Amino acid sequence: MKAKISDVAKIAGVSPTTVSRVLNNRGYISKETRENVYKAMKEINYFPNDIARSLFNKRTNLIGMIVPQTSNPFFGELAFHIESICASLNYKVLLCNSLNRIDKEKKYVEMLIRNQVDGVIAVTYNRGIFDSESQSLPVVAVDHYLSKDIPTVSSDNYSGGKQATELLISKGCKHIVHINGPLKLETPANLRRKAYENVMKKDGKQPITYEISNTFDRNIQRETISKVFEEHPEVDGIFASDDLLAALVVAEAQKRGKNIPRDLKIVGYDGTEASQTLLPGLTTVQQPIESIAQTAIDILLKEIEGEFSNIPREICLTVKLLEGQTT
């Protein structure tokens with residue numbers, strides 16, 4: 001038979017109300033009483049009812065997280081840190097892998113609302129998934145602008161793009177190409193391209209940019225990279241807007257017999273543990289992924305507590321240039 005709260009109270013020698021106060025951390029409870037209650041729970045294998053506790057506390061201690069693709073190293077590492085930090089704060093994470101489909105994301109938002117999550121961390125490219133029904137739901141966006149009312153946490157994309165381009169110029173590159181995702185997406189990552197263009201013009205060089213129409217389609221990425229080499233055989237420097245793109249650039253350059261870094265220098269962006277393990281020699285701009293996760297959670301918890309007046313609309317965190325063998 002399943003153990004009940006009254007069974008815990010009987011073994012611990014206290015009232016069921018006292019057991020409830022211990023479980024919900026309400027009122028003063030002596031250390032001895034608290035230890036006796038937990039000892040009794042362990043003895044009879046009693047687990048508190050999370051649903052009942054959430055009704056009592058008006059909190060579910062559930063956080064929703066929507067990402068476009070968990071297989072992407074940046075999103076995967078971000079999810080890892082968010083889950084770890086939430087666990088340390090006694091929050092559970094419901095992870096939603098949307099494949100960047102707006103229809104799936106809208107259904108996920110509905111599901112998260114039905115499960116009464118306390119808040120959502122949204123790492124999605126699609127605007128409009130949070131409608132009037134979800135307006136009261138605390139939301140923080142990572143690296144994307146979802147609306148003027150939703151705070152955004154990102155790395156300092158402009159500084160990263162500037163450092164990457166300046167490094168290639170300092171290494172003697174004269175024909176530098178930048179490959180980035182769709183500009184129609186409202187994301188701080190577009191500042192990487194803006195910084196590249198500004199640095200190139202300031203140095204008297206012509207910016208050459210290529211746009212990947214579908215950020216998650218590897219075939220389109222390969223076709224675009226191949227086009228770069230076909231249309232600009234003189235290219236001697238490439239700044240890719242993420243490390244996966246940089247890896248494809250390395251593969252295509254090697255296929256064409258180019259020596260890296262003698263003939264071609266390459267800089268990526270993200271600096272995840274996965275990319276550093278698989279491409280240890282890649283020069284890249286490293287995002288502070290753990291700090292992004294911590295900051296997003298800090299802001300979300302403030303929203304959950306109703307502290308909206310002290311929440312900044314956008315926070316940019318410092319990046320770091322990691323120079324490797326590709327430059």
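Begin by selecting Pro-261, in the loop that joins helix 10 (243-255) to strand 9 (265-270). In this predicted model, the peptide bond leading from Ile-260 into Pro-261 is cis, with omega near 15 degrees. Most residues other than glycine have a negative phi, and most peptide bonds are trans.

**Backbone angles**

From Pro-261, proceed to strand 9 and select Asp-270, which is located in that strand. Asp-270 is not a glycine, yet its phi is positive, at about 135 degrees. Is Asp-270 buried or exposed? With a relative accessibility of 9%, Asp-270 counts as buried.

Next, select Asn-100, in the loop between strand 2 (92-97) and helix 6 (102-114). Its phi is also positive, near 65 degrees, in a residue other than glycine. Asn-100 counts as partly exposed, at 24% relative accessibility. A further asparagine to display is Asn-25, just after helix 2, with a positive phi of about 55 degrees.

**The whole protein**

Zoom out to show the full model. The protein has 12 helices and 12 strands. Taken along the principal axes, its C-alpha atoms fill a box of roughly 80 × 40 × 35 Å. Of the 327 residues, 47% are buried. Among contacts with a separation of 6 or more, 68% are between residues 24 or more positions apart.

**Helix 2 and helix 3**

Return to the N-terminal part of the chain and select helix 2, residues 16-23. Which residues of helix 2 are buried? They are Thr-18, Val-19, Val-22 and Leu-23. These four residues lie on the same side of helix 2, because they cover an arc of only 140 degrees around the axis. An α-helix has 3.6 residues a turn, so residues three or four places apart point the same way.

Add helix 3 to the selection. The axes of helix 2 and helix 3 are 10 Å apart, and the two helices pack at an angle of about 95 degrees. Helix 2 is therefore roughly perpendicular to helix 3, since angles of 65 to 115 degrees fall in that class. To see the contact, display Thr-18, Val-19, Val-22 and Leu-23 of helix 2 together with Thr-33, Arg-34, Val-37, Tyr-38 and Met-41 of helix 3. The helix 2 residues in this contact, Thr-18, Val-19, Val-22 and Leu-23, are the buried residues noted above.

Follow the chain beyond helix 3 (31-43) to Pro-48, in the loop that precedes helix 4 (50-57). Pro-48 is partly exposed, with a relative accessible area of 21%. A distance from Pro-48 to Pro-16 gives 13 Å, C-alpha to C-alpha, for two residues that are 32 residues apart in sequence.

**Helix 5 and helix 12**

Now select helix 5 (residues 73-88) and helix 12 (residues 289-304), which pack at an angle of about 50 degrees with their axes 9 Å apart. Helix 5 is thus oblique to helix 12. The crossing of helix 5 past helix 12 is right-handed. On helix 5, the contact is made by Phe-74, Glu-77, Leu-78, His-81, Ile-82, Ile-85 and Cys-86. On helix 12, Ile-289, Glu-290, Ile-292, Ala-293, Gln-294 and Ile-297 take part.

While helix 5 is displayed, select Phe-75, which lies in this helix. Phe-75 is buried, with a relative accessible area of 4%. Which residues does Phe-75 touch, not counting residues up to four places away in sequence? They are Val-67, Pro-68, Gln-69, Val-123, Tyr-125 and Phe-216. Phe-75 and Thr-272 are 197 residues apart in sequence, but their C-alpha atoms are 9.6 Å apart in space.

**Cysteines**

Keep helix 5 in view and select Cys-86, one of the residues in the contact with helix 12. Cys-86 is buried, with a relative accessible area of 2%. Why is Cys-86 not in a disulfide? The closest cysteine sulfur, in Cys-96, is 13 Å from the sulfur of Cys-86, too far for a bond. The structure as a whole holds zero disulfides. Another cysteine to select is Cys-173, which counts as buried at 4% relative accessibility.

**Final stop: Arg-193**

End the tour in helix 8 (residues 190-202), where Arg-193 is found. Arg-193 counts as buried, at 15% relative accessibility. Leaving aside residues up to four places away in sequence, Arg-193 touches His-178, Asn-180, Leu-183, Thr-209 and Glu-211.

Definitions and conventions
Residues numbered from 1 in each chain as written. Predicted model: local features only at pLDDT ≥ 70, side-chain atom pairs only at ≥ 80, totals over all residues. Heavy atoms only, no water. Disulfide = S-S within 2.5 Å. Buried < 20%, exposed > 50% of the residue type's maximum accessible area, 1.4 Å probe, protein only. Arc of directions from axis to C-beta. Axes fitted to C-alpha atoms, helices over the stretch in contact; angles between N-to-C directions. Parallel < 35°, antiparallel > 145°, perpendicular 65-115°, else oblique. Left-handed = near helix turned anticlockwise from the far one by under 90°. Contact = heavy atoms within 4.5 Å.
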